[in-house]
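Hi everyone, thanks for making time this morning. I'd like to walk you through one model, so please have a look at the screen and then we'll go through it together.

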Amino acid sequence: MQCGLEQMNDCERSPNRTNLRVNFNEKGSEVKERREKFLTAKYGSHQMSLIRKRLAVEMWLYDELQKLFDPPNEAIDVDIDEILDMDTDDIRRSHLIRLLAVCKRPQSDISKFISDLLDRAKTL
C-alpha cells in the first residue's frame with residue numbers, strides 16, 4: 001500500500017481541516033498474497049465441555065483399540081457417530097461384535113471393551 005498526499009482545492013476544504021488528504025493505493029496482488037487469513041472460533045463454556053467430553057471418549061477408544069490389536073497392523077476403525085446413530089444397545093453390541101470378530105484377544109477382554117464403550121457412548 002502506498003500513502004499519497006494530494007492537495008484539495010478551496011471548495012472541498014472544510015474550515016477546520018488542512019489542505020492535505022491521504023489516499024491509499026494498493027500495489028496489485030502482492031499485498032494480498034503476503035497476508036494469510038485465519039478463522040478462529042470461540043466456543044461457549046458448555047460447548048467446550050461437550051467437545052472435551054467427546055475428545056476424552058475418542059482418546060480412550062483409540063487407546064483401548066491399540067491394546068486390543070497389538071500389533072496394530074490389524075486394527076479396525078470404530079465410528080462413534082455410527083454407534084450413536086443406532087437405535088438400541090443390542091444393535092450397537094452386535095455391530096461391535098461383528099467389527100471385533102478379527103480380534104485375537106480373549107472374548108472376556110472384547111466383552112469388557114464393548115460394555116465400557118457403550119457406557120461411555122451414553123455420556124455423549
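Arg54, Glu58 and Asp81 are joined in a network of salt bridges. Before I take that apart, please keep in mind that this is a predicted model.

Let's take the Glu58 side of the network. Glutamate 58 pairs with arginine 54, and the closest N and O atoms are 2.7 Å apart. Both residues sit in helix α2, four residues apart, which is about one turn of the helix. Now the other side: arginine 54 also forms a salt bridge with aspartate 81, with 2.9 Å between the closest N and O atoms. This pair links distant parts of the chain, since arginine 54 is in helix α2 and aspartate 81 is in helix α3, 27 residues apart.

How accessible are the members of this network? Glutamate 58 has a relative accessible area of 33%, so it is partly exposed. Arginine 54 comes out at 23%, again partly exposed. Aspartate 81, at 38% relative accessibility, is partly exposed as well. For arginine 54 the cut-off matters: buried means under 20%, and its value is 23%.

A search of the whole structure gives six salt bridges, so let me show you another one. The side chains of aspartate 89 and arginine 92 meet in a salt bridge, at 2.9 Å from N to O. These two are three residues apart in helix α4, which spans residues 89-99, and so they are separated by about one helical turn. Are the two partners buried or partly exposed? Aspartate 89 is partly exposed at 26% relative accessibility, while arginine 92 counts as buried at 14%.

Let me step back to the overall layout. The chain has five helices and two strands, and from the N terminus on the order is β-β-α-α-α-α-α. Of the 124 residues in the chain, 19% are buried. If you like contact statistics, take the contacts with a separation of 6 or more: residues 24 or more positions apart account for 45% of them.

Now to helix α2, where part of our network sits. It covers residues 45-68, and for its 24 residues at 1.5 Å a residue we should expect a span of 34 Å; the end C-alpha atoms are 35 Å apart, which agrees. Which residues of α2 are buried? They are Val57, Trp60, Leu61, Glu64, Leu65 and Leu68. The cover over these buried residues includes α3 (80-85) and α5 (107-122).

How do α2 and α5 sit relative to each other? Their axes come within 11 Å and cross at roughly 175 degrees. That makes α2 roughly antiparallel to α5, because an angle over 145 degrees counts that way. On the α2 side, the residues that meet α5 are Val57, Trp60, Leu61, Glu64, Leu65 and Leu68, and their counterparts in α5 are Asp109, Phe113, Asp116, Leu117 and Arg120.

Helix α5 also packs against α4, with another geometry to look at. The axes of α4 and α5 come within 11 Å and cross at roughly 135 degrees, and the two helices are therefore oblique to each other. The crossing is right-handed. From α4, the residues involved are Asp89, Arg92, Arg93, Leu96 and Ile97; they meet Ile114, Ser115, Leu117, Leu118 and Lys122 in α5. You'll recognise Asp89 and Arg92 as the salt-bridge pair from a moment ago.

While we're in α4, have a look at histidine 95, which is found in this helix. Its relative accessible area is 11%, so histidine 95 is buried. Which residues does histidine 95 touch, not counting those up to four places away in sequence? Those are Glu82, Ile83 and Met86.

One last stop, in a loop this time. Isoleucine 76 lies between α2 and α3. Leaving aside neighbours within four places in sequence, isoleucine 76 is in contact with Leu65, Phe69, Leu99, Leu100 and Val102. One of these, Leu65, is among the buried residues of α2. The C-alpha atoms of isoleucine 76 and cysteine 103 are separated by 9.2 Å, and the two residues are 27 residues apart along the chain.

That's my tour. Thanks for listening, and I'm happy to go back to any view you'd like.

Conventions
Residues numbered from 1 in each chain as written. Predicted model: local features only at pLDDT ≥ 70, side-chain atom pairs only at ≥ 80, totals over all residues. Heavy atoms only, no water. Expected span 1.5 Å × (residues − 1). Buried < 20%, exposed > 50% of the residue type's maximum accessible area, 1.4 Å probe, protein only. Contact = heavy atoms within 4.5 Å. Salt bridge = Lys/Arg side-chain N within 4 Å of Asp/Glu carboxyl O. Axes fitted to C-alpha atoms, helices over the stretch in contact; angles between N-to-C directions. Parallel < 35°, antiparallel > 145°, perpendicular 65-115°, else oblique. Left-handed = near helix turned anticlockwise from the far one by under 90°.
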